[in-house]
Amino acid sequence: MTAKKSDSISSNIENLGDDPYIWETIDWNRAEALISRMQYRISKAQTKGDANLVKRLQYLLVNSFYAKALAVKRMTSNKGRHTSGVDKELWLTPKSKMNAVKSLNAEKYRAKPLRRVYIPKSNGKLRPLSIPTMYDRSMQALYQMSLDPVQEATADPNSYGFRKGRCCQDAKGQLFIMLSKKTSATWILEGDIKGCFDNISHQWLMDNIPMDKRILRQFLKAGFVFNEKLFPNEEGTPQGGVISPTLANMALNGMEPLIRKHFGKNSKVNVVRYADDFVITASSRERAEEARAILIPFLAERGLELSEEKTLVTHIADGFNFLGWNFRKYRNGTLLIKPSKESVRNAVRKIREIILENGKAWSQDDIIRDLNPVLRGWTNYHRSAVSKKAFGWIGTYVFRTLWTWASRRHRDKRREWIMNRYWHRKGTRKWVFRTEDKELLYVHNVTIRRHVKVRNAMNPYTDRTYFELRKAAKNTELKEGFRSKKTSSCQPP
């Protein structure tokens with residue numbers, strides 16, 4: 001689409017009609033570039049403290065045709081595009097998507113209740129998940145585009161969860177910097193906020209989040225439907241809402257400056273946070289307890305509190321778990337970061353479920369198709385840690401479980417027949433679980449590759465060149481990894 005045609009569309013959105021061709025001809029590269037430029041200006045204005053300019057730029061963004069089109073595109077191209085809200089409506093055709101763009105109107109917006117479902121947690125409890133309608137999701141995505149640049153400009157330096165260009169590996173890298181030296185802090189406060197998303201104060205959000213208050217109120221007060229009954233929503237942001245992670249991050253921003261102001265810059269008391277999970281380092285148990293006491297009024301102001309059961313003070317020699325890793329300093333003074341036992345158990349459970357439960361009647365191709373993403377995701381996530389021993393153990397478990405699967409399918413066959421049926425020679429390896437079309441990832445061969453931590457001061461909206469170079473380097477690594485079946489990732493499996 002030419003620039004002239006694009007400008008005509010964006011300036012005359014109400015007269016687009018129902019022609020689905022319009023959706024197919026939108027210049028998405030130009031849309032991304034224009035919205036990125038506006039987000040740059042918002043983040044820059046927030047950094048300078050110009051609240052009025054931020055407000056004007058946010059208004060321009062949420063009323064932009066391209067922003068509305070991108071919001072609809074993101075909601076109709078992600079994994080949740082086939083999941084409807086209470087209205088049972090999906091946008092699967094170009095015509096419905098184009099009509100959705102036309103319908104995104106802040107002045108007439110009224111949020112519909114969310115559809116409440118419960119999903120099992122690893123500890124056996126149920127986590128509430130609230131699913132907005134496609135329309136509400138798109139409105140949240142639209143306003144999240146205007147709010148996230150503000151969040152990035154005001155974020156705590158060592159906050160890594162739900163932030164553009166940052167990931168779990170960056171949090172791990174920061175903890176390594178804080179704890180690896182001989183003179184580093186030796187006590188850890190493992191923080192756990194009780195029901196963070198479910199309990200954030202609506203009043204605090206209304207008073208402190210810089211966005212259209214009427215729209216924000218619609219997002220927060222929509223309520224939810226469960227078993228055909230409508231329930232009010234008096235606190236919290238819905239888990240499942242597009243804008244909820246940004247709101248939660250903005251509510252928790254200020255934790256790190258508060259701790260640093262109280263203890264001083266060189267006190268060894270530091271904060272690393274990933275969403276609502278955080279760790280505070282300290283030189284003594286007393287200081288760790290003092291940090292806990294400081295956070296209590298900070299969280300209470302936001303309607304939150306620490307979980308008494310899960311908030312622990314631990315010595316580094318005993319080790320602690322964070323984001324799926326175990327951090328522990330041994331007697332020789334070496335800090336080792338390994339996959340936690342819980343993470344290994346979760347991987348084992350998934351592998352067993354795929355092979356021995358779901359895969360009872362599957363073909364070898366089906367087993368490889370479902371098992372490879374699990375193995376690749378888990379090894380990619382942990383490959384920047386001290387994981388070689390864990391990879392070897394998982395690889396051995398995969399082989400033994402596959403042998404059990406194959407033996408059960410052919411109880412009357414000899415060992416050699418089963419081996420020749422499912423395992424084949426490739427290069428110097430004799431036991432390769434493969435077919436003509438697919439090959440199982442060999443976990444033993446996944447190499448350890450250290451993650452380069454992001455610079456704390458970098459803003460993905462104002463320092464785009466830095467993040468583009470990081471992305472290019474990672475893409476190059478991914479391409480090389482896929483050739484040898486050794487990929488790299490900084491996202492949780």
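The exercises below work through the sheets, helix pairs and cores of a predicted model.

**Exercise 1. Find the order of the strands in the open sheet that contains S6, and say which strands stand at its edges.**

Solution. Begin with the order, which for this open sheet of 4 strands is S6-S7-S3-S8, and note that the pairing is antiparallel. Next, look at the two ends of that order: strand S6 (270-274) and strand S8 (312-315) each have a single partner strand, so one side of each is left without a neighbour in the sheet. Finally, the twist from one strand to the next averages 20 degrees.

**Exercise 2. Describe how S3 and S8 pair, and then find which helices pack on this sheet.**

Solution. Strand S3, which covers residues 187-192, is joined to S8 by 4 bridges in the antiparallel sense, and within this pair Glu190 has Leu312 of S8 standing opposite. Turning to the helices, H8 (residues 168-179) packs on the sheet and touches S3, S6 and strand S7 (277-282), while its direction makes about 165 degrees with that of S6. Helix H13, made of residues 255-263, lies across S6 and S7 and runs at about 170 degrees to S6.

**Exercise 3. Decide whether the residues of S6 are buried or exposed, and follow the strand into its hairpin with S7.**

Solution. As a starting point, 5 of the 5 residues in S6 are buried. Taking the faces one by one, Asn270, Val272 and Tyr274 are buried on one side, and Val271 and Arg273 are buried on the other, which leaves both faces of S6 covered. The strand then pairs with S7 over 5 bridges in the antiparallel sense, and one of the facing pairs consists of Arg273 and Phe278 in S7. Between the two strands of the hairpin there are 2 residues, and Ala275 takes a positive phi near 60 degrees.

**Exercise 4. Work out the order and the pairing of the sheet that contains S1, and place Arg115 within it.**

Solution. This open sheet also starts from its order, S2-S1-S4-S5, in which 4 strands take part with mixed pairing. The edges are held by strand S2 (126-131) and strand S5 (229-231), and as each has a single partner strand, one side of each is therefore left without a neighbour in the sheet. With direction ignored, neighbouring strands here are turned by 40 degrees against each other on average.

The mixed pairing can be followed from strand S1 (residues 114-120), which is antiparallel to S2 over 6 bridges, with Tyr118 standing opposite Pro128 in S2. S1 and strand S4 (residues 224-226), in contrast, run parallel and are joined by 2 bridges. To place Arg115, look to both sides of S1: Val225 in S4 stands opposite Arg115, and the bridge partner of Arg115 in S2 is Ile131.

**Exercise 5. Classify the crossing of H15 with H17, and that of H3 with H7, from their angles.**

Solution. For helix H15 (residues 341-358) and helix H17 (residues 388-409), the axes come within 10 Å and cross at roughly 20 degrees. Angles under 35 degrees count as roughly parallel, and therefore H15 and H17 are roughly parallel to each other. Their crossing is right-handed, and the contact includes Val344, Ile351 and Ile355 of H15 together with Trp393, Val398 and Trp405 of H17.

For helix H3 (residues 28-48) and helix H7 (residues 134-154), the axes come within 8 Å and cross at roughly 40 degrees, which makes H3 oblique to H7. H3 passes H7 in a right-handed crossing, and among the residues that meet there are Ile35, Gln39 and Ile42 in H3 and Met145, Pro149 and Val150 in H7.

**Exercise 6. Which residues have the most contacts inside the largest nonpolar core, and which residues does Ile280 touch?**

Solution. The largest nonpolar core has 76 residues, and those with the most contacts inside it are Tyr143, Ile209, Met211, Ile259 and Ile280. To see the surroundings of Ile280, set aside its neighbours within four places in sequence; its contacts then include Trp187, Ile188, Leu189, Ile259, Val269, Val271 and Leu295. A second, separate core has 29 residues, including Ile351, Val398, Trp423 and Leu441. Looking back to the helix pair of H15 and H17, Ile351 and Val398 are also among the residues that make its contact.

Key
Residues numbered from 1 in each chain as written. Predicted model: local features only at pLDDT ≥ 70, side-chain atom pairs only at ≥ 80, totals over all residues. Heavy atoms only, no water. Core = buried A, V, L, I, M, F, W, Y, C linked by side-chain atoms within 4.5 Å. Buried < 20%, exposed > 50% of the residue type's maximum accessible area, 1.4 Å probe, protein only. Contact = heavy atoms within 4.5 Å. Pairing = 2+ DSSP bridges. Axes fitted to C-alpha atoms, helices over the stretch in contact; angles between N-to-C directions. Parallel < 35°, antiparallel > 145°, perpendicular 65-115°, else oblique. Left-handed = near helix turned anticlockwise from the far one by under 90°.
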